[in-house]
Amino acid sequence: MKTFFNVTDLDTVRSFTSLFPPVGTETVDVLEAAGRVAAQDFQAKENLPAFSRAIMDGYALKAASTFGASEANPAYITIKGGVPMGRRPDLSIGSGEAARISTGGALPEGADSVVMIEHAEALDNQTIEVYRSVAPGQHVVQVGEDFKIEDHLFSAGQRMRAQEAGLLAAFGIESVKVYKKARVGIISTGDEIVPITETPPYGKIRDINSYSLAAMIKAAGGIAVNYGIVNDDPVSLFGVCRKAHTETDMVIISGGSSVGVRDYTIEALSQLPTSEILAHGITISPGKPTILASAGHKPVWGLPGHVVSAMVVFEAVVKPFLNRINGADPKSSSHFQVSARMTRNVPSVLGRTDFIRVQLSDKNGEYWATPVLGKSGLIRTLVEADGLVAIDMNTEGLEKGANVNVILV
């Protein structure tokens, strides 16, 4: 089966994500929730906070008791006592009365605000002068002000951060159902590739792609499984590919996706169970000779051997598929982006999406993007880059000063 370079546009390739189901779910401790994708919706089961509490050290009182107060005309307030931390107050507050309170203390009955300790002065053990008026609710978090009962907290498919882990803890949730991390097999191919532990003889290079792709997989929430280097031998390649396909949820073959008598990737993919070649060639640069196959409802990729091409294709094309099988909501962006303006004109070819590497600089509070020029075999161009700018296939280049979105890498 040979369909060499019957190229598919980028949007069509990305639409194939819907063909691949998430890998499954598991339950993890809330301590492990950050970075995982939620597999269930969450609603508040109680008010947060469950009681009105002070967010400043000072005096709990009725705001009306301070109206008009100033340094020239202070309000005189009677102290009824203090609020114990971690306990329900055993006193109530009337007009012209207050209780000493610390940050986090529960407001006593009748109080609706807190005067900061800096804005009051004790005359004796029972009386204070207040030099500044407060509004009802000032320096106070009300019952349910954070979340009310049945409020939506977050949804299945949302990647949880430290703040979501803290939110779960706030509601006493000790464990959470999440999608499993997809296992991604990595195979490097080529007679010219040697392990990084070796000094390459003339004509050979170290295996960069296994390590760069593994790092990108980990950063995207997957688990990288390295199957080593396979020489340009169809029998060996198919054997390793079949093993990786059996043991993982996605397979990436690096190298062997271009046209050539020693490239066997397409043949190996075609022999996998229920294999279908979805794309052999994508209208992007770098990365045109990328292969995507579906085998046993798992995505299998053939990426270019050049390190920059492989990494750009992963960021632009493979990452959405990894997010999909990791359970992430496809509507949420898989990329972190910032807005910038181009520092120079950049040419482009109509009919393909060009990804250019750029450096970011801050000029008077505005980001500017400067192209990092170089061939796709030079990892330096990505090391020096802060991000990628996609030039749409229907756009003939970018002009100096053009507004762009930079995908951070």
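Pro286 lies in the loop between strand 19 (284-285) and strand 20. The peptide bond from Ser285 to Pro286 is cis, with omega near -5 degrees. A second cis bond joins Leu48 and Pro49, where omega is about -5 degrees. Pro49 is found in the loop between strand 2 and strand 3 (53-54). Most residues other than glycine have a negative phi, and most peptide bonds are trans. Helices (H or I, at least four residues) and strands (E, at least two) are DSSP runs, numbered from the N terminus.

This is a predicted model, in which local features need pLDDT of at least 70 and side-chain atom pairs count only at pLDDT 80 or more, while totals for chains, interfaces and linings use all residues. Residues are numbered from 1 along each chain as its sequence is written, and side-chain values use heavy atoms, with hydrogens and water left out.

**Positive phi values**

The table lists two residues other than glycine with a positive phi. Buried means under 20% relative accessible area, exposed over 50%, and partly exposed in between (1.4 Å probe, protein chains only).

| Residue | Phi | Loop | Relative accessible area |
|---|---|---|---|
| Glu150 | near 75 degrees | between strand 10 (140-141) and strand 11 | 60%, exposed |
| His297 | about 65 degrees | between strand 20 and strand 21 | 60%, exposed |

Gly296 also takes a positive phi, near 60 degrees, in the hairpin of strand 20 and strand 21. That hairpin has two residues between the strands.

**The sheet**

Six strands form an open sheet with mixed pairing, in the order 16-13-17-21-20-18. Two strands pair if DSSP finds at least two bridges between them. The edges are strand 16 (223-230) and strand 18 (275-280), each pairing on one side only. From one strand to the next, the twist averages 20 degrees. Axes are lines fitted to C-alpha atoms, for helices over the stretch in contact, and angles run from 0 to 180 degrees between N-to-C directions.

Helix 4 (residues 234-247) packs on the sheet. The helix touches strand 13 (183-189), strand 16, strand 17 (250-254), strand 20 and strand 21. Its direction makes about 170 degrees with that of strand 16. Contact means heavy atoms within 4.5 Å.

Strand 20 (residues 291-295) and strand 21 (residues 298-303) run antiparallel and are joined by five bridges. Ile291 stands opposite Gly302 in strand 21. Ala293 stands opposite Val300 in that strand. Strand 18 also pairs with strand 20 in the antiparallel sense, over five bridges. There, Glu276 has Ser294 as its bridge partner.

Five of the five residues of strand 20 are buried, so the strand is largely enclosed by the rest of the structure. In a regular strand the side chains alternate between the two faces of the sheet. Here both faces are covered: Ile291, Ala293 and Ala295 on one side, Leu292 and Ser294 on the other.

Ser188 is found in strand 13. Its relative accessible area is 2%, so Ser188 is buried. Not counting residues up to four places away in sequence, Ser188 touches Asp207, Ser210, Gly228, Ile229, Val230 and Ser254.

**Nonpolar cores**

A nonpolar core is a set of buried Ala, Val, Leu, Ile, Met, Phe, Trp, Tyr and Cys residues joined through side-chain atoms within 4.5 Å. The largest has 37 residues. Ile252, Trp301, Val317 and Leu322 have the most contacts inside it. Helix 6 gives the most to this core, with 13 residues. Leu322 is in contact with Ala182, Val184, Ile217, Ala220, Gly222, Met250 and Phe314, leaving aside its neighbours within four places in sequence. A second, separate core of 19 residues includes Cys241, Ala244, Val251 and Val300.

**Aromatic pairs**

Rings of Phe, Tyr and Trp (its six-membered ring) pair if their centres lie within 6.5 Å; planes under 30 degrees apart count as stacked, over 60 as edge-to-face and the rest as tilted. The count comes to four aromatic pairs. Phe42 and Phe154 form a tilted pair, 4.8 Å centre to centre, with 40 degrees between the planes. Phe42 lies in strand 2 (residues 42-43) and Phe154 in strand 11 (residues 152-154), so the pair ties together parts that are 112 residues apart in sequence. Both are buried.

Trp301 and Phe321 pair edge-to-face, 4.9 Å centre to centre, with 85 degrees between the planes. Trp301 is in strand 21 and Phe321 in helix 6 (residues 307-325), 20 residues apart. Trp301 is buried at 0% relative accessibility, and Phe321 is buried at 1%. Ring pairs link Phe20, Trp301 and Phe321 into a cluster.
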